[in-house]
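Thank you all for coming; I would like to take a few minutes to walk through one model. Please have the sequence and the three-dimensional view open while I talk.

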Amino acid sequence: MSDAALLTLTQWLSPAFPLGSFAYSHGLEQAIAAGNVGDAATLRTWLEDVIAHGAGRSDAILLAHALRPGADIPALAAFARALAPSAERLHETEAQGAALIATTNALTGQTLEPLPFPVALGAAARGLDLATERIIALALQAFASNLVLVGVRFVPLGQTEGQGVLAALHPLIEQVASEAAGAELSQIGTAALGADIASMRHETMDVRIFRT
């Protein structure tokens, strides 16, 4: 693993990178409005379920496969789109993936086409000298960080409370990253139905701050 590769990946996943991640709540805005998430404990439980049983885990497996030499990127992209449980979640993964590809193409000289986010990240990061588990863990950390920020702003929580939630997720992030690195595509399956339903109900909220 090289420091240059690690710095590159953390740049791609940082809030400064123009992915527009701050505009997406992954249905969490609706969960907060409905009272399902209202403090640090319920935010942590919500995020644990999404990471272990929802899009966190399925995206981690898609990312692992996109990183493999000879990966069928168009097939993985089609699978990622088919896995989206709602129009909003499909928009979320496609918009962030397209933003990632546009900027990494400009920086690296690659000519990748727009892809759903986990496949886009895997395709762009193939040339980085980083272990698959490390790439997945950092991607999950960035995903969780963005949702913790949603909680900090709109539950609302204090900054220290929010960071406590994120720190408590680290063992789970490591576990999911390790498992996803060697998982088969047939092992993809989600059971975070509350988060999926929240993303659907978000579409009809009268007042929305986030795009999903």
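Let me start with one residue, valine 176, which has its place in helix 10, residues 170–181. Please keep in mind throughout that this is a predicted model. Is valine 176 buried or exposed? Its relative accessible area is 5%, and because the cut-off for calling a residue buried is under 20%, valine 176 counts as buried. If we set aside residues up to four places away in sequence, valine 176 touches Ile51, Ala52, Arg57, Ala60 and Leu140. One of these partners, arginine 57, is 119 residues from valine 176 in sequence, yet the two C-alpha atoms are 6.5 Å apart in space.

With that residue as a starting point, let me step back to the overall fold. The protein has 11 helices and 0 strands, and read along the sequence the pattern is therefore α-α-α-α-α-α-α-α-α-α-α. The C-alpha atoms fill a box of roughly 45 × 35 × 30 Å when taken along the principal axes. For 212 residues, a compact globule would have a radius of gyration near 17 Å, and the value for this protein is 16 Å, which agrees. Of the 212 residues, 48% count as buried, and among contacts between residues at least 6 apart in sequence, 79% join residues that are at least 24 apart.

Next, the interior. In soluble globular proteins, nonpolar side chains tend to be buried together. Here the largest nonpolar core has 69 residues, and the members that touch the most other members are Trp12, Leu28, Trp46, Leu121 and Ile136. Which helix gives the most to this core? That is helix 8, with 10 residues. To look at one of the well-connected members, tryptophan 46 is in contact with Leu28, Ala31, Val37, Gly194, Ala195 and Ala198, leaving aside its neighbours within four places in sequence.

Helix 8 also leads us to a helix pair. Two packed helices are described by the angle between their axes and the distance between the axes. Helix 4, residues 55–67, and helix 8, residues 132–154, pack at an angle of about 145°, with their axes 10 Å apart, and their crossing is right-handed. On the helix 4 side the contact is made by Gly56, Ala60, Leu63, Ala64 and Leu67, which meet Thr132, Ile135, Ile136, Ala139, Leu140 and Phe143 in helix 8. By class, this contact has 9 nonpolar residues, 2 polar residues and no charged ones.

How many residues of helix 7, residues 117–125, are buried? The count is 9 of the 9, so helix 7 is largely enclosed by the rest of the structure. The buried residues run from Phe117, Pro118 and Val119 through Ala120, Leu121 and Gly122 to Ala123, Ala124 and Ala125. The elements that cover them include helix 1, helix 4, helix 5, helix 6 and helix 8.

I would also like to compare two aspartates. Aspartate 196 is found in helix 11, residues 193–202, and it is buried, with a relative accessible area of 10%. Apart from neighbours within four places in sequence, aspartate 196 is in contact with Pro85, Arg89 and Thr190, and its C-alpha atom is separated by 7.2 Å from that of serine 86, a residue 110 places away along the chain. Aspartate 49, in helix 3, residues 40–53, is partly exposed, with a relative accessible area of 37%. Not counting residues up to four places away in sequence, aspartate 49 touches Gly54 and Ala192, while aspartate 49 and threonine 190, 141 residues apart in sequence, are 9.7 Å apart from C-alpha to C-alpha.

Finally, two points of backbone geometry. Most residues other than glycine have a negative phi, and most peptide bonds are trans. Histidine 26, although it is not a glycine, has a positive phi of about 60°; this residue lies in the loop between helix 1 and helix 2 and is buried, with a relative accessible area of 4%. The peptide bond from valine 155 to proline 156 is cis, with omega near -10°, and proline 156 lies in the loop between helix 8 and helix 9.

Terms used
Residues are numbered from 1 along each chain as its sequence is written. This is a predicted model: local features need pLDDT of at least 70, side-chain atom pairs count only at pLDDT 80 or more; totals for chains, interfaces and linings use all residues. Side-chain values use heavy atoms; hydrogens and water are left out. Axes are lines fitted to C-alpha atoms, for helices over the stretch in contact, and angles run from 0 to 180 degrees between N-to-C directions. Helices (H or I, at least four residues) and strands (E, at least two) are DSSP runs, numbered from the N terminus. A crossing is left-handed if the near helix is turned anticlockwise from the far one by less than a right angle, and right-handed if clockwise. Contact means heavy atoms within 4.5 Å. Ala, Val, Leu, Ile, Met, Phe, Trp, Tyr, Cys and Pro count as nonpolar, Asp, Glu, Lys and Arg as charged, and the others, Gly among them, as polar. A nonpolar core is a set of buried Ala, Val, Leu, Ile, Met, Phe, Trp, Tyr and Cys residues joined through side-chain atoms within 4.5 Å. Buried means under 20% relative accessible area, exposed over 50%, partly exposed in between (1.4 Å probe, protein chains only). The radius of gyration is taken over C-alpha atoms; the globule rule is 2.2 Å times the number of residues to the power 0.38.
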